[in-house]
Amino acid sequence: MTEFYFAKTYSVQENQKVNITSLPSLTKSPTPTYSLMQSIPNKPKGYTPANYMFEGDPQHIYYVPIKTGYFMLNLTGAIVVPPTIYGDLMYVVTSGVMNMTTGELNELLGCLFAINISDGQLVWLDKFPNQIMTVPLVYKDEVIVGLGNACFLNTTVRGTGENAVIALNATNGKVIWNYTTLGEDMPTPVIYKGMVIEANGNREVFALNVDNGKLIWQRYLGSYDSMSSLLLAGNIIYFGTANPYVFWTIDADDGQVIWDYNFSTTGLTFGGLDDSSPAYYDGIVVTSYTVHISNITMSEFLVAFNASNGRMLWYLNEGNAPIPKYLESPAPVIYHGVVYHDSPVGILYALNVTNGKVIWEFLTGPTVSNVDIAYNSYILIQSREGTLYVLKLNGQMVKSVLTPVMPGPGNLLATQNSVIMVGINGIVDVIPIYALTGS
């Protein structure tokens with residue numbers, strides 16, 4: 001495991017920097033637990049895509065054209081986001097053990113596991129002194145993750161402890177470089193033209209050289225990003241931030257703001273915009289947010305913008321729900337001009353991306369994750385309690401299965417022959433897709 005230390009350069013606010021060069025002591029954390037519960041090996045085909053953004057593409061259709069084995073693992077730590085497959089390895093991140101009663105993550109411990117996708121065997125693991133909630137990105141032979149947590153350092157900075165963007169050797173897990181920040185790095189960054197671009201809890205967005213971690217550009221925003229993983233479409237980046245609640249479009253080449261939409265000017269109490277990872281389709285960008293109508297109740301909204309100029313095209317009030325402790329707004333998914341979105345309200349909506357008209361609805365119960373599309377024919381969605389629903393594209397249910405996996409705010413991952421589910425209870429379950437679809 002990595003002997004992990006940081007030399008720090010913090011940017012506190014625009015035009016004001018605090019340089020910290022001392023090396024803090026290594027956080028002493030328990031050795032994470034790994035156990036293989038069952039395995040049916042299957043030789044993979046060796047496909048090696050480069051995963052450059054959250055869930056692989058701007059529509060959040062998370063599919064890898066490779067065959068895997070079938071296995072179940074218990075990694076003990078909470079798995080908040082889906083894994084990444086590169087070559088014959090599956091990279092899974094954990095964030096310490098979750099208290100399943102309170103939903104809290106109290107450990108400053110993050111782990112990156114490299115798992116053989118043929119048989120589920122552990123190849124290597126690394127642990128770090130803060131939680132990891134980013135989908136691992138792969139560039140050449142580097143795996144890139146971010147460290148951070150949901151606590152507040154003060155009234156303006158979110159994220160305590162050691163926060164950083166880190167690049168590791170994809171083969172053996174050795175750290176290549178790290179860039180430390182004031183504020184969490186929980187959103188999944190994007191890779192663009194040799195840069196790693198991240199928005200974080202220090203109210204800024206910045207670009208690093210992917211080869212050495214050196215800062216290339218930096219833009220102070222004045223509001224923080226919690227879990228709104230960055231969306232890259234062409235040379236433009238989209239994401240949401242909080243306090244104030246602003247939706248941003250940033251030029252990936254130099255960090256210049258192209259347009260922004262400030263929700264907080266209305267005087268309402270907002271949430272969720274900094275949680276939802278936007279999706280893009282044919283010049284339209286879609287995200288979600290919440291309006292707090294009391295101390296315990298919120299309304300969930302889905303909203304679409306013209307991606308070029310920021311004009312709001314439509315919005316949908318999905319209904320009311322109790323305010324969750326953490327993530328309020330899961331990511332939308334767009335497939336062939338249809339937007340799919342579920343939420344803590346517990347209704348899966350299918351809408352026309354152009355005009356926002358509801359095509360159909362399906363009752364799932366409260367949900368924190370987004371859908372996936374399998375075989376271009378099936379919709380897969382898990383409820384917060386772990387029930388996996390398989391639907392046809394017209395909303396007709398094919399099957400529902402109660403799984404041992406309690407999902408976090410990410411997606412399922414579909415392959416040529418399997419569905420990969422990961423959960424905040426530490427379970428990784430790789431099952432045959434034909435068992436769900438019958439084909």
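The exercises below, each with a worked solution, concern strands, one residue and one pocket of a predicted model.

**Exercise 1.** Determine which strands pair with strand 39, in which sense they run, and whether the residues of strand 39 are buried or exposed.

*Solution.* Begin with the extent of the element: strand 39 covers residues 427-432, and six of its six residues are buried, so that the strand is mostly covered. Next, take its partners in turn. Strand 5, made of residues 70-74, runs antiparallel to strand 39 and is joined to it by four bridges; within this pairing, Phe-71 has Val-430 as its bridge partner. Strand 38, residues 418-422, is likewise antiparallel to strand 39, the two being paired over five bridges, and here Met-421 stands opposite Asp-429. Finally, look at the connection: strand 38 and strand 39 form a hairpin with four residues between the strands, in which Gly-426 adopts a positive phi near 90°.

**Exercise 2.** Work out the strand order of the open sheet of four strands, and state which strands form its edges.

*Solution.* The order is 16-17-18-19, and the pairing is antiparallel. The edges are strand 16 (190-192) and strand 19 (215-220), since each of these pairs on one side only. From one strand to the next, the twist averages 20°. Turning to the pair formed by strand 17 (residues 195-199) and strand 18 (residues 204-209), one finds five bridges in the antiparallel sense, with Met-195 of this pairing standing opposite Asn-209 in strand 18.

**Exercise 3.** Explain why Val-358 counts as partly exposed, and describe its surroundings.

*Solution.* Val-358 is located in strand 32, which spans residues 358-363. Its relative accessibility is 35%, and because partly exposed residues are those between the 20% limit for buried and the 50% limit for exposed, Val-358 falls into that class. When neighbours within four places in sequence are left aside, Val-358 is in contact with Leu-316, Tyr-349, Ala-350 and Leu-351. As for Tyr-340, which is 18 residues away from Val-358 in sequence, the C-alpha to C-alpha separation is 10.0 Å.

**Exercise 4.** Characterise the largest pocket by its volume, its lining and the strands that contribute to that lining.

*Solution.* The volume comes to about 1100 Å³. The lining of the largest pocket consists of 44 residues, and those nearest its centre are Gly-103, Pro-324, Lys-325, Tyr-326 and Leu-327. Sorted by character, the lining residues comprise 26 nonpolar, eleven polar and seven charged. Strand 24 (270-271) and strand 28 (312-322) each contribute at least two residues to the lining of the largest pocket.

Notes. Residues are numbered from 1 along each chain as its sequence is written. This is a predicted model: local features need pLDDT of at least 70, side-chain atom pairs count only at pLDDT 80 or more; totals for chains, interfaces and linings use all residues. Side-chain values use heavy atoms; hydrogens and water are left out. Buried means under 20% relative accessible area, exposed over 50%, partly exposed in between (1.4 Å probe, protein chains only). Two strands pair if DSSP finds at least two bridges between them. Axes are lines fitted to C-alpha atoms, for helices over the stretch in contact, and angles run from 0 to 180 degrees between N-to-C directions. Contact means heavy atoms within 4.5 Å. On a 1 Å grid over the protein atoms alone, a cavity is a set of points where a 1.4 Å probe fits but cannot get out, and a pocket is an open set with protein on both sides within 12 Å along at least five of seven lines; lining residues have an atom within 4 Å of a point. Grid points are joined across faces, edges and corners, and a volume is the space filled by probe spheres set on the points. Ala, Val, Leu, Ile, Met, Phe, Trp, Tyr, Cys and Pro count as nonpolar, Asp, Glu, Lys and Arg as charged, and the others, Gly among them, as polar.
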